[in-house]
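Reader: Hi! I would like to learn how to read the surface and the empty spaces of a protein. Could you walk me through an example?

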Amino acid sequence: MPSAKVILHIDMDAFFAAVEQRDHPYLKGKPVIIGADPKGGKGRGVVSTCSYETRVFGVHSAMPISTAYRLCPQAVFLPPDFRKYKHASQQVFKILERFTPDIEPISIDEAFLDITGTFHLYGSPSALALHIKEDIRREVNLAASIGIAPVKMVAKIASDVSKPDGLIEVKPDDVHNFLAPLPIERLWGVGKKTKDVINRLGIKTIGDFLKFSRPNAFEHLGEYGLHLFDLASGIDPREVCAHGEAKSVSHEHTFDIDEADPQKVIEVLFILSQKVSRRLRKENLKGRTVSIKVRVQNFQTFTRAKTLNARTNFVDTIDGHARQLFLDFFKKGMKVRLIGVRLSGFEDPYVVDGLFTHPRDVKKENVHHAVDLLKDRFGEGMIHWGA
């Protein structure tokens with residue numbers, strides 16, 4: 001029987017805010033919120049990250065910036081500096097590469113590592129993790145929280161529980177004892193609605209769910225219940241996918257004032273489609289599924305998508321389908337708070353879509369390439385696509 005995997009999950013603590021506190025010592029110990037200008041509680045957008053000093057006031061990531069201001073008006077609000085955060089992220093990932101080649105980036109500040117074949121070089125999984133934390137602290141001056149477990153989900157939960165600046169190793173024989181007392185919403189995929197349904201069955205913790213039994217889980221929740229029961233049992237077959245490719249490319253815009261004019265939204269959609277198209281070509285990607293994201297005035301968020309017959313990264317194709325998806329969704333009286341465009345459904349970028357390329361598409365490729373070259377040389381404002 002093969003030995004258990006050893007999976008490490010690393011998550012940088014309050015990453016954007018921590019980078020700002022590192023670079024501006026006067027911010028250390030102060031509540032810091034990275035996001036849009038709150039404009040005295042009337043700002044738009046959401047919190048990107050907040051420091052731990054801010055979280056004691058109830059502020060959290062993805063919260064409306066206006067709510068964050070009401071909860072913690074004394075916080076220092078800063079616009080995000082993604083170039084700086086990306087540089088810090090690259091430094092962290094270079095450190096991770098010293099410890100294993102099997103790294104699956106999840107986001108700019110989070111990753112899974114399969115250390116099954118390398119932890120013995122350091123004596124134990126925890127010793128390897130301590131080396132990672134120490135190297136990041138010494139070289140990047142940032143803190144990281146780490147969870148170690150035989151499966152990805154448990155490693156992720158362990159790193160969450162260990163925050164801030166913590167380290168928890170859950171060995172195979174300890175998985176059930178570790179999970180049992182945790183609230184049911186710690187399981188992947190259990191959001192508020194699912195939590196409420198499960199709570200009504202008298203289940204509050206992961207341990208309660210296991211006592212509920214597998215047949216009962218199926219009776220009340222169907223196949224999804226069986227999936228959750230496996231997770232509650234510490235069963236998660238997902239492997240660490242090293243050097244994972246992008247699953248989607250997207251751009252979003254939050255309006256300063258809720259927008260009731262669909263034409264204004266369409267104009268923004270066109271700008272977002274250009275940004276998505278340009279990023280796709282920079283990464284040599286084409287996708288088959290165009291999606292839009294619409295958040296309306298009461299903060300309800302909707303998505304609509306269409307899968308195309310062929311992969312694309314052309315501006316007009318992306319914009320045309322995004323525009324139609326929005327027009328089909330929009331109703332008179334609706335006010336739009338946020339709009340986003342996404343392309344997904346990527347395949348191997350080196351697979352040819354067909355034996356023959358239409359001359360029209362060759363011409364489009366050439367035009368897109370020429371526009372990209374001009375923007376690269378003279379800046380984004382040098383040339384714009386006609387609507």
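Author: Happy to! Let us begin with a cut-off: a residue is called exposed when its relative accessible area is over 50%, and buried when that value is under 20%. Keep in mind that this is a predicted model.

Reader: Is Val 56 buried or exposed, then?

Author: Val 56 counts as exposed because its relative accessibility is 69%. You can find Val 56 in the loop between helix 2 (52-55) and helix 3 (65-71).

Reader: Which residues form a nonpolar patch on the surface?

Author: Val 56 does so with Phe 57 and Leu 71, and together they have about 270 Å² of accessible area.

Reader: And how do I look for empty space?

Author: Rolling a probe the size of a water molecule over the atoms shows where empty space is left. Here, the largest pocket holds about 2,100 Å³ of space. It is lined by 44 residues, and the closest to its centre are Phe 16, Phe 82, Ile 108, Ser 250 and Arg 279. Among the elements that give two or more residues to this lining are helix 4 (82-96), strand 9 (248-259) and helix 11 (262-282).

Reader: What classes of residue does the lining of the largest pocket have?

Author: There are 16 nonpolar, 13 polar and 15 charged residues.

Reader: How many cavities of 30 Å³ or more does the structure hold?

Author: One. The largest cavity has about 40 Å³ of space, and Gly 45, Val 46, Thr 254, Arg 295, Phe 299, Arg 337 and Leu 338 line it. By class, that lining has three nonpolar, two polar and two charged residues.

Conventions:
Residues numbered from 1 in each chain as written. Predicted model: local features only at pLDDT ≥ 70, side-chain atom pairs only at ≥ 80, totals over all residues. Heavy atoms only, no water. 1 Å grid on protein atoms, 1.4 Å probe; cavity = no way out; pocket = protein on both sides within 12 Å on 5 of 7 lines; lining within 4 Å. Points joined across faces, edges and corners; volume = space filled by probe spheres on them. Nonpolar A, V, L, I, M, F, W, Y, C, P; charged D, E, K, R; others polar. Helix = DSSP H or I, 4+ residues; strand = E, 2+ residues; numbered from the N terminus. Patch = residues over 30% accessible without salt bridge, like charges linked within 9 Å, V, L, I, M, F, W, Y side chains within 5 Å. Areas by Shrake-Rupley, 256 points an atom, 1.4 Å probe, with all protein chains shown as cover. Salt bridge = Lys/Arg side-chain N within 4 Å of Asp/Glu carboxyl O. Buried < 20%, exposed > 50% of the residue type's maximum accessible area, 1.4 Å probe, protein only.
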